[in-house]
Amino acid sequence: MRHFFVLLPLLFWLHTEAFSKKLPTKVSGYVFEDINQNGLLDKGEPLVEGVAVSNGLEVVLTNEKGFYELPLQPKQTIFVSKPSGYELRKNSYHTMADFLHFYPEPTSESYAPTVAQNAEVPAQLNFPLRKIEEPKTFTMAMLGDIQARYQHQVNYAHEVAEELYQYPNLKGAVMLGDMGDDNAMIFPALNELFKQFTTTVYPVAGNHDRNYDIEDLTEDFSGFKKYYGPDQYSFNIGDVHFIAINNVTTIKGIQYKDFIPKNRMEWIKNDLATVPKEKLIVFLQHIPLGHMMQESRDELMEVIKDFPHVKSFSGHLHSMTHLYLPYGEDKVLHDVVTGAVCGLWWGGELDLDGIPNGVMGCGSPKGYYLAHFNGTKVNMEYKASGKPKEKQMKIWVYQPLNAKKDPTIHIPEGLTENNFLANIWAGSIHTEAYAQIDGGEWQKLERRDKIVDPTARRIYLRDSLKISNQKSHLGPGYPKNIPSHIWVGEFPEGFEDGSHIIKVKAVDPSGMEFKGHRIFTKGNFDGDYEEVDWYNIH
């Protein structure tokens with residue numbers, strides 16, 4: 001019996017050692033132009049040099065024979081970065097189809113589907129590409145926070161899919177995180193939505209896209225990865241290098257910090273090491289870079305210090321704003337916070353189609369950006385869902401007679417009846433706005449930081465008075481998001497009663513231009529009519 005107990009651990013060790021030796025420690029293969037589009041490397045098909053292939057940590061470029069080789073560790077995903085002039089294969093829901101998860105052991109248990117166990121790596125892991133004509137001038141849709149927990153909320157988002165359907169030449173739709181809302185089983189429902197997109201979908205990981213119940217924190221995005229592959233990746237279109245990063249780090253359960261851990265930051269460094277300095281770099285992430293922990297932000301700014309052209313698009317805040325981050329020598333990174341497709345979590349009164357208005361705390365309607373790229377330049381436009389593309393602002397005028405009928409209409413603190421304001425939703429601290437009243441001289445408007453948007457306040461008061469048909473998510477604690485994009489003007493002295501028109505125009509150094517107008521009547525011209533029941537007068 002004594003010998004048996006000595007031998008058993010030895011046999012277990014030998015079995016474990018033998019199993020570990022069977023696990024591959026490298027992966028290699030070819031990147032090729034898939035002429036016949038069968039996904040297989042056939043005789044005579046061209047091999048593609050200079051394509052970045054990664055395991056999520058190291059990044060290598062294919063050699064002149066299209067060959068790559070990478071070290072391989074458990075829980076890594078092997079993928080290729082789309083080179084300019086080519087496209088990757090897509091699945092039925094228009095996301096990256098070709099990647100390999102190497103998970104020799106089962107992932108931790110979760111209520112939602114996770115990455116499947118896989119210890120097999122083919123002798124050659126080849127990646128097919130299709131050569132395309134790709135213009136250097138192109139447009140991408142940037143969509144923050146669909147934030148769907150249930151199917152009916154995904155159904156609300158079909159409004160956006162219908163709008164994007166009108167742009168058949170889009171080169172991509174970026175989902176800037178929080179596609180789901182605390183439900184890691186929602187991804188198949190979202191994929192059904194994405195099937196109707198006419199362009200490639202680029203998913204980005206957000207804090208509400210995690211498997212909260214997973215014990216192994218290295219697997220917190222396992223549900224996301226199951227469907228979409230790597231949670232960090234890059235791709236090239238024209239002269240632009242896009243980098244999708246995951247800046248959400250789980251502490252425990254639902255708790256997280258706005259931080260890029262060492263392994264993810266190392267991949268960003270390795271990816272950028274393959275990119276020419278003159279290219280435009282565009283970061284795509286959920287949490288705005290300016291809201292990350294200082295340590296992460298400083299490290300990322302150090303990584304990009306030699307790149308003169310860097311831009312960024314984020315979600316997360318459910319409000320519209322722009323952040324300007326200094327880096328390197330006299331350089332500034334412009335981080336565009338895109339608002340949210342869901343507005344404030346699909347809250348607010350229902351429209352005629354039964355879709356919540358979702359007005360955000362900054363007073364902006366739910367929507368998304370269209371980003372137009374031309375070399376290292378980016379021009380943008382905000383598209384409010386369900387509104388004409390020309391609608392870029394809300395011009396507010398206080399009308400006392402309307403206020404008598406609606407107790408939720410208030411003059412914002414610090415203003416008077418003689419003021420008007422323009423909430424230019426995509427405006428920044430650098431936007432200059434001007435107004436013209438009744439065809440008169442243009443006057444420069446003053447941007448104010450501490451004004452609560454009157455539309456958002458009205459929605460909040462309707463909730464408080466319980467007269468809305470569906471509550472918003474503005475309270476409690478409203479106002480949380482004081483907008484930075486409100487401009488105030490003043491009517492001239494002796495402004496007469498009658499109908500008037502206000503025109504507003506604005507321009508931003510980023511290239512955005514805005515126009516809007518408001519027609520209103522000052523005073524009462526109804527003859528002081530008093531209600532009469534004409535139908536019962538004989």
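A salt bridge is a side-chain nitrogen of Lys or Arg within 4 Å of a carboxyl oxygen of Asp or Glu. In the predicted model examined here, Lys 311 is buried but takes part in no such pair. The nearest side chain of opposite charge belongs to Asp 508, at a distance of 7.5 Å. Lys 311 lies in strand β17, which spans residues 310-314. Leaving aside residues up to four places away in sequence, Lys 311 touches Leu 280, Ile 281, Val 282, Phe 283, Leu 333, His 334, Val 336, Val 378 and Met 380.

A nonpolar patch is found on the surface, formed by Tyr 529, Val 532, Trp 534, Tyr 535 and Ile 537. Together, these residues have about 630 Å² of accessible area. Ile 537 is placed in the segment after β29 (513-522). Ile 537 counts as partly exposed because its relative accessibility is 47%, and the range for this class runs from 20% to 50%.

The protein chain as a whole contains nine helices and 29 strands. Its C-alpha atoms fill a box of roughly 110 × 55 × 45 Å along the principal axes. The chain has 538 residues, of which 53% count as buried. Of the contacts between residues at least 6 apart in sequence, 70% join residues at least 24 apart. The accessible surface of the chain is about 25800 Å², and carbon and sulfur atoms account for 52% of this surface. Positive side chains number 54 and negative ones 70, with the centres of the two sets 3 Å apart.

Key
Residues numbered from 1 in each chain as written. Predicted model: local features only at pLDDT ≥ 70, side-chain atom pairs only at ≥ 80, totals over all residues. Heavy atoms only, no water. Helix = DSSP H or I, 4+ residues; strand = E, 2+ residues; numbered from the N terminus. Buried < 20%, exposed > 50% of the residue type's maximum accessible area, 1.4 Å probe, protein only. Lys, Arg positive; Asp, Glu negative; His and termini not counted. Contact = heavy atoms within 4.5 Å. Patch = residues over 30% accessible without salt bridge, like charges linked within 9 Å, V, L, I, M, F, W, Y side chains within 5 Å. Areas by Shrake-Rupley, 256 points an atom, 1.4 Å probe, with all protein chains shown as cover. Charge placed at Lys NZ, Arg CZ, Asp CG, Glu CD.
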